[in-house]
Amino acid sequence: MAEKDTELISEGLKLPVVEEFFSLQGEGFHTGKAAYFIRLGGCDIGCSWCDSRFSWNPEIHPVVETKSIIDRVVESGTDSVVVTGGEPLMWNLDDLCKGLKNKNISTFIETSGAYQLTGIWDWICLSPKQNMPPIADICKVADELKVIISNKSDFDWAEKYHKRVSEGCKLFLQPEWSLFETIIAEVVEYIKKNPVWRISLQAHKYMHIP
Ligand code: SF4
């Protein structure tokens, strides 16, 4: 990454972008809602089942002016943006959110919470990862807690973060896609016994959309 780009990235004026697309939210509370997705490059969390490994190395993705991202969002005609990754909070998202809010566009983020929160968000979906747990501050401001379930111990992890989020936070358990057949029955039974949780399925994968 060029030195000038590093400087502009630290100011939030440029961001490493893996892909942008206009689609439907496939996961969690807003499943089915139309939104423009911005997938940022960079993640050092290393989940073994990650389906976005192509995003991990920020060096291989183009560094793009934040203003040009906002222009494309506006051109798409959307009223909502989902910023995802990778781990999007590795970057300064203040300028991106400010520009989107100036255009009356709602801002949603999908994050592990492992990095300091930047940006102004209408919806924070916190998906804590055991490899690099969230920093404490983000738990209380999360609107949604979405825990990926790949084995039985993940239910304990989910409950640990259930205790840390605010009372109104929406609670979701999401079966890990590659282990879906082996884990789905356990997730269903768990939710029947603990109905404060809802299931999150990756609906976009069933629809074969990004
Ligand atoms: Fe993949 Fe997300 Fe885990 Fe990073 S935090 S390794 S992008 S699943």
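Begin at the ligand in this predicted model, where the surrounding shell, sorted by class, holds 6 nonpolar residues and 2 polar ones but no charged residues. To display that shell, select Cys 43, Ile 45, Gly 46, Cys 47, Trp 49, Cys 50, Trp 56 and Gly 86, which are the residues around the ligand. If you then turn on a pocket surface, the space that the ligand takes up is the largest pocket.

Stay with Gly 86, one of the residues around the ligand, and show the backbone of the loop between β4 (80-84) and α3, where Gly 86 lies. Its peptide bond with Gly 85 is cis, with omega at about 10 degrees, and this deserves a careful look in the viewer, because most peptide bonds are trans.

Next, select helix α2 (residues 66-76) together with helix α3 (residues 94-102), which pack with their axes 9 Å apart and at an angle of about 35 degrees, in a crossing that is right-handed. To see where the two helices touch, show the side chains of Thr 66, Ile 69, Ile 70 and Val 73 on α2, which meet Asp 95, Leu 96, Gly 99 and Leu 100 on α3. Coloured by class, the residues of this contact divide into 5 nonpolar, 2 polar and 1 charged.

Finally, move on to Asn 104, which is placed in the loop between α3 and β5 (106-111). Its phi is near 60 degrees, a positive value in a residue other than glycine, whereas most residues other than glycine have a negative phi.

Terms used: Residues are numbered from 1 along each chain as its sequence is written. This is a predicted model: local features need pLDDT of at least 70, side-chain atom pairs count only at pLDDT 80 or more; totals for chains, interfaces and linings use all residues. Side-chain values use heavy atoms; hydrogens and water are left out. A residue is near a molecule or strand if one of its heavy atoms lies within 4 Å of it. On a 1 Å grid over the protein atoms alone, a cavity is a set of points where a 1.4 Å probe fits but cannot get out, and a pocket is an open set with protein on both sides within 12 Å along at least five of seven lines; lining residues have an atom within 4 Å of a point. A molecule sits in a cavity or pocket if more than half of its atoms lie within 2 Å of its grid points. Ala, Val, Leu, Ile, Met, Phe, Trp, Tyr, Cys and Pro count as nonpolar, Asp, Glu, Lys and Arg as charged, and the others, Gly among them, as polar. Axes are lines fitted to C-alpha atoms, for helices over the stretch in contact, and angles run from 0 to 180 degrees between N-to-C directions. Helices (H or I, at least four residues) and strands (E, at least two) are DSSP runs, numbered from the N terminus. A crossing is left-handed if the near helix is turned anticlockwise from the far one by less than a right angle, and right-handed if clockwise. Contact means heavy atoms within 4.5 Å.
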